Amino acid sequence: MEEGGVNVIDLTQADESFVKELIGLGADELRECIQCGKCGATCPMALAGLEFFIKRIVHAANLGLRDILLEDSSIWGCQSCNRCVEICPMDIKPYEVIQALRRAAIKVESCPANTYEGLRNLYKFGHAVFPKGFEERRKKAGLPEKPPTALSFDELRKKYQEVLKQTILEEIAPFPLD
């Protein structure tokens, strides 16, 4: 929140149970962050001028600011470049913090609608995203509407889905895994 041109964090919103939840969701080294800023110096989100970039996200996660993090779309803006992971002197794996936050957001259905479609497509077809608008073109060329994947083979599809059922997707999927 901004007061008089200064960014102010309301620490009464801190939730230690959220920090523990994030650690349980894969942000194992979250508490090791020393806020050196190296991750932010390499983050394309920061370089693009976004206010909430990896350093601030990790800081807010360490403070347990659940509502701020789950209501802000910044965690979905991460491009998964892993520059932050490569440069972190404390080896906290900042990208894993982003992933843990995304998992927490999905659990409470606080994410962009296309995230659900992507998860569903990944589970059903092996691709999270299919280019739209090319179905007719593909048909005219004698191709299937959707590009084939390893999951086009029933046996492989079932094995792939069994592997996904053994991940956190089983717990957080907003659709049935059948």
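Helices here are DSSP runs of at least four residues, numbered from the N terminus. With that in hand, hello everyone, and let me show you around this predicted model.

I'll start with one residue. Asn121 sits in helix H8, which covers residues 113-125. Is Asn121 buried or exposed? Its relative accessible area is 11%, and the cut-off for buried is under 20%, so Asn121 counts as buried. As for its company, leaving out residues up to four places away in sequence, Asn121 touches Gly126, His127, Ala128 and Phe130.

Now let's step back to the whole chain. The domain assignment splits it into domain 1, residues 11-108, and domain 2, residues 113-172. Five residues of domain 1 and six residues of domain 2 make the contact. The C-alpha centres of the two domains are 28 Å apart.

How much area do domain 1 and domain 2 bury between them? The answer is about 540 Å², with 75% of it on carbon and sulfur atoms. On the domain 1 side, the residues losing the most area to domain 2 are Arg103, Ile106 and Lys107, and together they account for 77% of what that side buries.

Lys107 deserves another look. Its side chain meets that of Glu171 in a salt bridge, at 3.0 Å from N to O. Across the interface of domain 1 and domain 2 there is one salt bridge, and one residue pair is in polar contact, both at pLDDT 80 or more. Sorted by class, the side of domain 1 that touches domain 2 has three nonpolar residues, two charged ones and no polar ones.

That's my tour, and thanks for listening!

Definitions and conventions: Residues are numbered from 1 along each chain as its sequence is written. This is a predicted model: local features need pLDDT of at least 70, side-chain atom pairs count only at pLDDT 80 or more; totals for chains, interfaces and linings use all residues. Side-chain values use heavy atoms; hydrogens and water are left out. Domain bounds come from an automatic or database domain assignment. Contact means heavy atoms within 4.5 Å. Buried area is the accessible area (1.4 Å probe) that two parts lose on being put together, summed over both. A salt bridge is a side-chain nitrogen of Lys or Arg within 4 Å of a carboxyl oxygen of Asp or Glu. A polar contact is a pair of N or O atoms within 3.5 Å; within protein, one must be able to donate a hydrogen and the other to accept it, and residues adjacent in sequence count only if both atoms are side-chain atoms. Ala, Val, Leu, Ile, Met, Phe, Trp, Tyr, Cys and Pro count as nonpolar, Asp, Glu, Lys and Arg as charged, and the others, Gly among them, as polar. Helices (H or I, at least four residues) and strands (E, at least two) are DSSP runs, numbered from the N terminus. Buried means under 20% relative accessible area, exposed over 50%, partly exposed in between (1.4 Å probe, protein chains only).
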